Amino acid sequence: TFIAVAIYLNSKAEYEALQMDAETNVDKLSQLQMILFGCSILLQLAIASTLFLILCNIFPFQVGLWSPMLNSIPFLRWLKILQPVYIALGCIVGGMRLVRVP
């Protein structure tokens with residue numbers, strides 16, 4: 001559900017920016033973009049922290065077998081790399097949206 005809400009927030013932010021016409025208040029749109037950007041980043045951080053908390057409850061993580069487990073399961077290694085990249089790209093795209101709105 002977290003990912004579905006993140007997709008919705010990103011889609012809503014893009015849709016609101018595309019629907020700007022002569023009657024649209026730029027200040028209101030800018031505030032909406034900032035609120036959606038903040039919610040999106042908070043949601044991405046919540047997803048990352050939830051994943052970490054779930055991993056804290058598994059036995060290999062508790063006894064220090066995390067490194068061998070990362071080497072044996074490539075999915076976890078990619079997830080460890082891609083999660084921070086996704087958060088960074090979300091910040092970059094959100095910043096570009098805020099700069100683009102006049």
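**Close-ups of a five-helix chain**

**View 1. Q83 counts as buried because its relative accessibility is just 15%.** Buried stands for under 20% relative accessible area, with exposed over 50% and partly exposed in between (1.4 Å probe, protein chains only). You'll find Q83 in helix α5. Leaving aside residues up to four places away in sequence, Q83 touches Q44, I47 and A48, where a contact is a pair of heavy atoms within 4.5 Å. This is a predicted model, so local features need pLDDT of at least 70 and side-chain atom pairs pLDDT 80 or more, while totals for chains, interfaces and linings take in all residues. Numbering starts from 1 along each chain as its sequence is written, and side-chain values rest on heavy atoms, without hydrogens or water.

**View 2. Here's the whole chain, with 5 helices and 0 strands.** Reading from the N terminus, the order is simply α-α-α-α-α. Helices are DSSP runs of H or I with at least four residues, strands are E runs of at least two, and both are numbered from the N terminus. Of the 102 residues in the chain, 23% are buried. Among contacts with a separation of 6 or more, 69% join residues 24 or more positions apart. The accessible surface adds up to about 7200 Å², and carbon and sulfur atoms own 72% of that (Shrake-Rupley, 1.4 Å probe; for residues, only the protein chains shown count as cover).

**View 3. The largest pocket holds about 210 Å³ of space.** A pocket is an open set of points on a 1 Å grid over the protein atoms alone where a 1.4 Å probe fits, with protein on both sides within 12 Å along at least five of seven lines; lining residues have an atom within 4 Å of a point. Its lining includes F52, F61, W66, Q83 and P84. α2 (26-56), α4 (66-72) and α5 (74-100) each chip in at least two residues, and α5 gives the most, with 5. By class, the lining splits into 10 nonpolar, 1 polar and 1 charged.

**View 4. The largest nonpolar core is a set of 5 residues: L55, W66, M69, L70 and L76.** Helix α4 gives the most to this core, with 3 residues. Core members are buried Ala, Val, Leu, Ile, Met, Phe, Trp, Tyr and Cys residues joined through side-chain atoms within 4.5 Å. Looking past residues up to four places away in sequence, L70 touches L76, R77 and K80. L70 and L76 also turn up in the lining of the largest pocket.

**View 5. S40 is buried too, at 5% relative accessibility.** S40 sits in helix α2. Again not counting residues up to four places away in sequence, S40 touches L9 and N10.

Technical notes: Points joined across faces, edges and corners; volume = space filled by probe spheres on them. Nonpolar A, V, L, I, M, F, W, Y, C, P; charged D, E, K, R; others polar.
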